[in-house]
Structures are given as structure tokens and as C-alpha cells.
Amino acid sequence: MALDKPHFKIYGKIGVGGQLTAGEWKGKSFYPAWQIAPLGLQWGGERIFGFFELGFGDVYIARGGVGFRW
């Protein structure tokens, strides 16, 4: 984490895994997937928080939402 304050965090992350697709136009397939998010922002509390990430890879370019951790 580049910045780790009580209610605001700036971070980056790298992810590697697998992706499963199941649809009529492409059929069922499983293949390796990767994602690099050099910029991530998180705000809110420790249990419920909002986030926004910019990245590139197989999964997304930008994403945001609300998260919950227990």
C-alpha cells in the first residue's frame, strides 16, 4: 500500500488465476487470466468500503463498487 490511513488507502496489485466462460457464443472454456492494477483507491470503514481500480489484463480496465469484509 502506498498510503494506508484509517479511512483511505492507495494501493496496487497483481493477480494471476484462471477464467471460466460458459456461454452459447463461445462455448465452455477455461484459460489462464491475469490482471495488473497499478492504481487502486479504497475509502470507508474496515468492514464496509468503496473502491475504484484502474488496470489492464484479461478481466477489466476500470472497476468500482462497494465491498464487505468479515
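In this predicted model, the side chain of Thr21 makes a polar contact with the side chain of Ser29, at 2.8 Å. Thr21 is found in strand E2, which spans residues 8-23, and because its relative accessibility is 16%, under the 20% that marks the limit for a buried residue, Thr21 counts as buried.

Strand E2 also takes part in a pairing with the strand that precedes it in the numbering. Strand E1, residues 3-5, is joined to E2 by three bridges, and the two strands run antiparallel. Within this pairing Leu3 stands opposite Ile10 in E2, and the connection between E1 and E2 is a hairpin with two residues between the strands.

From here the reader can turn to the charged side chains, for which a search of the whole structure finds four salt bridges. One of them is formed by Lys9 with Asp4, where the closest N and O atoms are 2.9 Å apart. The two partners differ in their burial, as can be read from each in turn: Lys9 has a relative accessible area of 10% and is therefore buried, whereas Asp4, with a relative accessible area of 52%, is exposed. A further salt bridge is formed by Glu46 with Lys9, the closest N and O atoms in this case being 3.6 Å apart. This second pair links distant parts of the chain, since Glu46 lies in the loop between strand E3 (27-44) and E4, while Lys9 lies in strand E2, and the two are 37 residues apart.

Another of the salt bridges is formed by Glu53 with Arg63, with 3.1 Å between the closest N and O atoms. Because Glu53 lies in strand E4 and Arg63 in strand E5, this pair ties together parts of the chain that are ten residues apart in sequence. Here too the accessibility of each partner can be stated: Glu53 is buried, as its relative accessible area is 2%, and Arg63, at 35%, is partly exposed. Returning to the pairs described before, salt bridges that share partners join Asp4, Lys9 and Glu46 into one network.

The strands that carry Glu53 and Arg63 deserve a description of their own. Strand E4, residues 48-57, and strand E5, residues 62-68, pair in the antiparallel sense over seven bridges, and a hairpin joins E4 to E5 through four residues. Two positions help to fix the register of this pairing for the reader: Phe51 stands opposite Gly65 in E5, and Glu53 stands opposite Arg63 in E5. The residues of the latter position are thus also the partners of the salt bridge whose closest N and O atoms are 3.1 Å apart.

Aromatic side chains supply another set of contacts, and a search of the whole structure finds three aromatic pairs. In one of them, the rings of Trp34 and Phe56 have their centres 6.0 Å apart and their planes at 80 degrees, so the pair is edge-to-face, given that planes over 60 degrees apart are classed in this way. This pair links distant parts of the chain, with Trp34 in strand E3 and Phe56 in strand E4, 22 residues apart. Both rings belong to residues in the intermediate class of accessibility: Trp34 counts as partly exposed because its relative accessibility is 37%, and Phe56 is likewise partly exposed, with a relative accessible area of 43%. Another aromatic pair is formed by Phe49 and Phe51, and this one is tilted, with 6.4 Å from centre to centre and 50 degrees between the planes. Both Phe49 and Phe51 are buried, and Phe51 is the residue that stands opposite Gly65 in E5.

On the surface, finally, a nonpolar patch is formed by Phe8, Leu39, Trp43, Phe52 and Leu54, which together have about 420 Å² of accessible area. Strands E3 and E4 each supply at least two residues of this nonpolar patch. One of the members, Leu39, is found in strand E3, and because its relative accessibility is 37%, Leu39 counts as partly exposed; this value also satisfies the requirement that residues of a patch have over 30% relative accessible area.

Key: Residues numbered from 1 in each chain as written. Predicted model: local features only at pLDDT ≥ 70, side-chain atom pairs only at ≥ 80, totals over all residues. Heavy atoms only, no water. Pairing = 2+ DSSP bridges. Buried < 20%, exposed > 50% of the residue type's maximum accessible area, 1.4 Å probe, protein only. Polar contact = N/O pair within 3.5 Å; in protein donor to acceptor, adjacent residues only side chain to side chain. Phe/Tyr/Trp six-rings, centres within 6.5 Å; stacked < 30°, edge-to-face > 60°. Patch = residues over 30% accessible without salt bridge, like charges linked within 9 Å, V, L, I, M, F, W, Y side chains within 5 Å. Areas by Shrake-Rupley, 256 points an atom, 1.4 Å probe, with all protein chains shown as cover.
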